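Got the viewer open? Here is a short tour of what to select and what you will find there.

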Amino acid sequence: MSSWERARYIPWDRIPQTGTNLEEQKERIFRELQRETIEDEFLQQDRHSEQPVVTGEQSTDSAKPFTSNKVPYSNMELLRQAAFGGCLGTITGAVFGFMDGMRTAQESSVLQNASNVAKGRYLMQGTTRSATLFGVFFGGFHILKYGLKVTLDPGDVGEIGVAGAASVGTLFARPAW
């Protein structure tokens, strides 16, 4: 990284206000920022390692509980995962729904004779229906994936495999309504 690029990342509160030459201060400020970043990372790692997660039952042989390095649960992270999946699913579903609606409108003899307003209404209904279905599907997938990460932490492949199987399994359900 060149000195120009590093100077662009100096926060405003770190720039000397005394009128001294910034060129002389840049390297010192950049090293301080790096040191603070590394110290913050170490503090976060220490906090997570000091809070072991107790799982299972204690055996009578040992007075120490079984500890593992699991991902801590957070409502905000769960909401973030749901929103991420919902947004991606909604966008994907809207595109697929619109494309499917256009194809159906061109092939249907009833819709070919319908007014433009009726065609637009049909396209919007298909787009909305598909966007909702995909949004709920992908949002649920990401919620399941996060839940697996927090409870079992099987790794990326395990999370994706189990959450994918459970999510696709819900698509095969046929409600009576």
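Start by selecting α5 (residues 116-151) and α6 (residues 156-171). This is a predicted model, and in it the axes of these two helices come within 9 Å and cross at roughly 140°. Since only angles over 145 degrees count as roughly antiparallel, that crossing makes α5 oblique to α6. As for its hand, the α5 and α6 crossing is right-handed.

Now show side chains where the two helices touch. On α5, pick Phe137, Gly140, Phe141, Leu144, Lys145, Leu148 and Lys149. On α6, the partners are Glu159, Ile160, Val162, Ala163, Gly164, Ala166, Ser167, Val168 and Leu171. Colour this α5 and α6 contact by residue class and you get 10 nonpolar, three polar and three charged residues.

Next stop: keep α5 on screen and add α3, residues 75-107. How far apart are the axes of α3 and α5, and at what angle do the helices pack? The axes are 5 Å apart, and the angle is about 150°. That angle is why α3 counts as roughly antiparallel to α5. The way α3 passes α5 is, again, a right-handed crossing. Try the same colouring on the α3 and α5 contact: its residues divide into 14 nonpolar, 16 polar and one charged.

Last stop: the largest pocket. Its volume is about 300 Å³. To centre your view, select Leu133, Val136, Thr170, Leu171 and Ala173, which are the closest to the middle of the pocket among the 13 residues that line it. Leu171 may ring a bell, as it was also part of the α6 side of the contact with α5.

Which helix gives the largest share of the lining of this pocket? It is α5, with six residues. Both α5 and α6 supply at least two residues each, so bring that pair back into view while you look around. By class, the lining of the largest pocket splits into nine nonpolar residues, three polar and one charged.

Note on methods. Residues numbered from 1 in each chain as written. Predicted model: local features only at pLDDT ≥ 70, side-chain atom pairs only at ≥ 80, totals over all residues. Heavy atoms only, no water. Axes fitted to C-alpha atoms, helices over the stretch in contact; angles between N-to-C directions. Helix = DSSP H or I, 4+ residues; strand = E, 2+ residues; numbered from the N terminus. Parallel < 35°, antiparallel > 145°, perpendicular 65-115°, else oblique. Left-handed = near helix turned anticlockwise from the far one by under 90°. Nonpolar A, V, L, I, M, F, W, Y, C, P; charged D, E, K, R; others polar. Contact = heavy atoms within 4.5 Å. 1 Å grid on protein atoms, 1.4 Å probe; cavity = no way out; pocket = protein on both sides within 12 Å on 5 of 7 lines; lining within 4 Å. Points joined across faces, edges and corners; volume = space filled by probe spheres on them.
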